[in-house]
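The exercises below are worked from a sequence and its model. Try each task before reading its solution.

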Amino acid sequence: MDHFKDRSRTIVVLSVLLCLVFFSVAAAAQSDSGSTPAAAGIGQKKARLIERVKRSTSVAIPFENLEGVPLAITESSSKELSNTEYRDLVGLSTPSDKVTSFPDVKLVNHSDRRVTSFTLFFEKLETKTLYFFKASGVDIAPHGAYFVSASRWVKAFSETPIDWDSEKVWLVGDSSEFTLKLAQVELEDGSKWVIRDSTRPSTESDARFLRVGFFGNARSGLRPNPNLLRKPPFSCVCSCGVTCRPGGGWDCTGHGESCSYTEASACLNNCCAAAAGYECNGLLT
């Protein structure tokens, strides 16, 4: 009888030890993966929300082209979320009922010459804030098309890939508060057009030098100099960041405050040139 008791006790002890080993291994594996069931659930929920945004119907954004300029915007659209949807996706709340993403834009070259550079203004009408996207060193073939995705407007200000759950992609306000404008175009033969405050194209800008607030991008470690952000006697302040494209060329993005179109064009050109010099031409080394 004692023999059977000892044997049963041994079996029970071994069973308990095996269970402990199993759960220890499972816990270690879960720890190594850096996730918990709760975290995994949150990640899956966010993935579903991102997929829902991608599949959602985009909202058309009004746009304006420069008269007589061969490059033209043909399509412009943004995603739009309610404040509740935005909070679920990003984890933040806004004072507005809705938020609008930077736009996806399609442009077409209607000329027989190649387009080498262009600038877009995305304007919030109520605040007169101008967000800009400038592509330099592009090669848009005659009668060819070019596409700018929403993420390219903010890529310079993030060290990681941008997706719809990034607050950087979204602007406060519904889509009716924004409009898109073609602001600058340059062709391979050196022909240039620049938006003027009358919205008529010009081959040159008469704006004075304006104050720029940011050189470089998020990866450079450079930050705005407070002395550069003092407005008086400057009426326009702009900031920018640059993404260098493989094979040459760069995207420059940012925004301007208290700027007319003419001022913004001059301000962003100075900012982009300086930022591109730092980021893409080796001046940081």
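**Exercise 1: the open sheet**

Strands β6 and β9 run antiparallel and are joined by 4 bridges. The model is a predicted one: local features need pLDDT of at least 70, side-chain atom pairs count only at pLDDT 80 or more, and totals for chains, interfaces and linings use all residues. Residues are numbered from 1 along each chain as its sequence is written, and side-chain values use heavy atoms, with hydrogens and water left out.

Task. Establish the order of the strands in the open sheet and find which strands are at its edges.

Solution.

Step 1. Fix the terms. Strands (E, at least two residues) and helices (H or I, at least four) are DSSP runs, numbered from the N terminus. Two strands pair if DSSP finds at least two bridges between them.

Step 2. Begin with β1 and β3. Strand β3 covers residues 71–78 and runs antiparallel to β1, with 2 bridges between them. In this pairing Ala60 stands opposite Ser77 of β3.

Step 3. Go on to β3 and β6. These strands are joined by 6 bridges and are antiparallel. Leu71 faces Asn109 in β6 as its opposite residue.

Step 4. Add β9. Its pairing with β6 has 4 bridges, and Val105 stands opposite Val148 in β9.

Step 5. Assemble the result. The order is β1-β3-β6-β9, an open sheet of 4 strands with antiparallel pairing. The edges are β1 (59–60) and β9 (145–148), each of which pairs on one side only.

**Exercise 2: the aromatic pairs of Phe122**

Task. Describe how Phe122 pairs with Phe102 and with Trp153, and state which parts of the chain are linked.

Solution.

Step 1. Apply the rule. Rings of Phe, Tyr and Trp (its six-membered ring) pair if their centres lie within 6.5 Å; planes under 30 degrees apart count as stacked, over 60 as edge-to-face and the rest as tilted. The count by this rule is 10 aromatic pairs.

Step 2. Take Phe102 and Phe122. Their ring centres are 6.2 Å apart and their planes are at 45 degrees, a tilted pair. Phe102 lies in the loop between β5 (98–101) and β6 (104–109), while Phe122 belongs to strand β7 (residues 115–124), so the pair ties together parts 20 residues apart in sequence.

Step 3. Check burial, where buried means under 20% relative accessible area, exposed over 50% and partly exposed in between (1.4 Å probe, protein chains only). Phe102 is buried at 6%, and Phe122 is buried at 0%.

Step 4. Take Phe122 and Trp153. This pair is also tilted, at 6.0 Å centre to centre and 55 degrees between the planes. The two residues are 31 apart, with Phe122 in strand β7 and Trp153 in the loop between β9 and β10 (170–172). Trp153 has a relative accessibility of 3% and counts as buried.

Step 5. Place the pairs in context. One aromatic cluster is formed by Phe102, Phe118, Phe122, Tyr131, Phe133, Tyr146, Trp153 and Phe178.

**Exercise 3: disulfides to helix α4**

Task. For the cysteine pairs that link strands β15 and β16 to helix α4, give the sulfur distance, the handedness and the burial of each.

Solution.

Step 1. Count. The structure holds 4 disulfides, a disulfide being a pair of cysteine sulfur atoms within 2.5 Å.

Step 2. Take Cys240 and Cys271. Their disulfide has an S to S distance of 2.2 Å. The link of Cys240 and Cys271 is left-handed, with -95 degrees about the S-S bond. Cys240 is in strand β15 (residues 237–244) and Cys271 in helix α4 (residues 261–280), so parts 31 residues apart in sequence are tied together. Cys240 and Cys271 are both buried.

Step 3. Take Cys244 and Cys280. The sulfur atoms of this disulfide are 2.1 Å apart. The torsion about its S-S bond is about -95 degrees, so the disulfide is left-handed. Cys244 in strand β15 and Cys280 in helix α4 are 36 residues apart. Cys244 is partly exposed at 32%, and Cys280 is partly exposed at 27%.

Step 4. Take Cys252 and Cys272. In this disulfide the sulfur atoms are 2.1 Å apart. With -85 degrees about the S-S bond, the link is left-handed. Cys252 lies in strand β16 (residues 250–257) and Cys272 in helix α4, 20 residues apart. Cys252 and Cys272 are both buried.
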